[in-house]
Amino acid sequence: MKQMLWLGKPLSWKKDWRSLSLRVDPHTTYPENCPSIIAAWDEDIRAVARLSLAPSACEGGIIVFQTPQSLCAAGASPEGFRLHYQVMGYRHDTFLPCPISQSHIWMGFSRMGARFAVSYSLDGNQFRQVDQGTLPGLAKSYSFGWYWSNPEDTPFEASVDTLAVTKL
């Protein structure tokens, strides 16, 4: 995580080469003002990391970023997944109910050419796909990373660790 850069920087955070912890401030919404950290890539990869599960209406998840006008994010919360799409400036949000009753979730990201996929696992072994798609320009270069949003009045602590990236 050393080479990752903040798009929206939280006030309080700590990172090293394999983990990140941060305080997610109140009234941060996706994508306007939430903390997100990304790395630029141009290769086909598979990345897996363990994220702390955000409380109630808050979310934490993976973002695939091509430009500020073309991006996709899949965020986990105790109630399920929120999928956010913005392509050529047009935005669409979807909610997938899937109650999760644990404090951490593993999320995976893979990119093969012009396509990407996002998956999750409750045990770190058996992954289920939650989203797939493409973005304009994804075949040439892209960025991926994590984001957190907190529409509530109280901050919360978040983390991502055990990051593993492999070339496909």
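This passage describes an open sheet and the surroundings of strand 6 in a predicted model.

The open sheet comprises seven strands in the order 2-3-14-5-10-11-12, and their pairing is antiparallel. Its edges are formed by strand 2 (13–15) and strand 12 (128–133), each of which pairs on one side only. On average, and with direction ignored, neighbouring strands of this sheet are turned by 20 degrees against each other. At the edge given by strand 2, three bridges connect this strand to strand 3 (residues 20–24), the two running antiparallel, and K14 has S21 of strand 3 as its bridge partner.

Strand 6 (residues 59–67) is mostly covered, with eight of its nine residues buried. Antiparallel pairing links strand 6 to strand 13 (residues 142–149) through seven bridges, in which I62 is matched with W146 of strand 13. Strand 6 also pairs with strand 7 (residues 70–77), again in the antiparallel sense and over seven bridges; these two strands form a hairpin with two residues between them, and T67 stands opposite S70 of strand 7.

Within strand 6, particular attention is given to E59. With a relative accessible area of 4%, E59 falls under the 20% cut-off and is therefore classed as buried. The side chain of E59 is joined to that of H84 by a polar contact of 2.9 Å. When residues up to four places away in sequence are not counted, E59 touches A54, G75, A76, R82, H84, Y147, W148 and S149; among these, G75 and A76 fall within the range of strand 7, whereas Y147, W148 and S149 fall within that of strand 13.

Technical notes
Residues numbered from 1 in each chain as written. Predicted model: local features only at pLDDT ≥ 70, side-chain atom pairs only at ≥ 80, totals over all residues. Heavy atoms only, no water. Pairing = 2+ DSSP bridges. Helix = DSSP H or I, 4+ residues; strand = E, 2+ residues; numbered from the N terminus. Axes fitted to C-alpha atoms, helices over the stretch in contact; angles between N-to-C directions. Buried < 20%, exposed > 50% of the residue type's maximum accessible area, 1.4 Å probe, protein only. Polar contact = N/O pair within 3.5 Å; in protein donor to acceptor, adjacent residues only side chain to side chain. Contact = heavy atoms within 4.5 Å.
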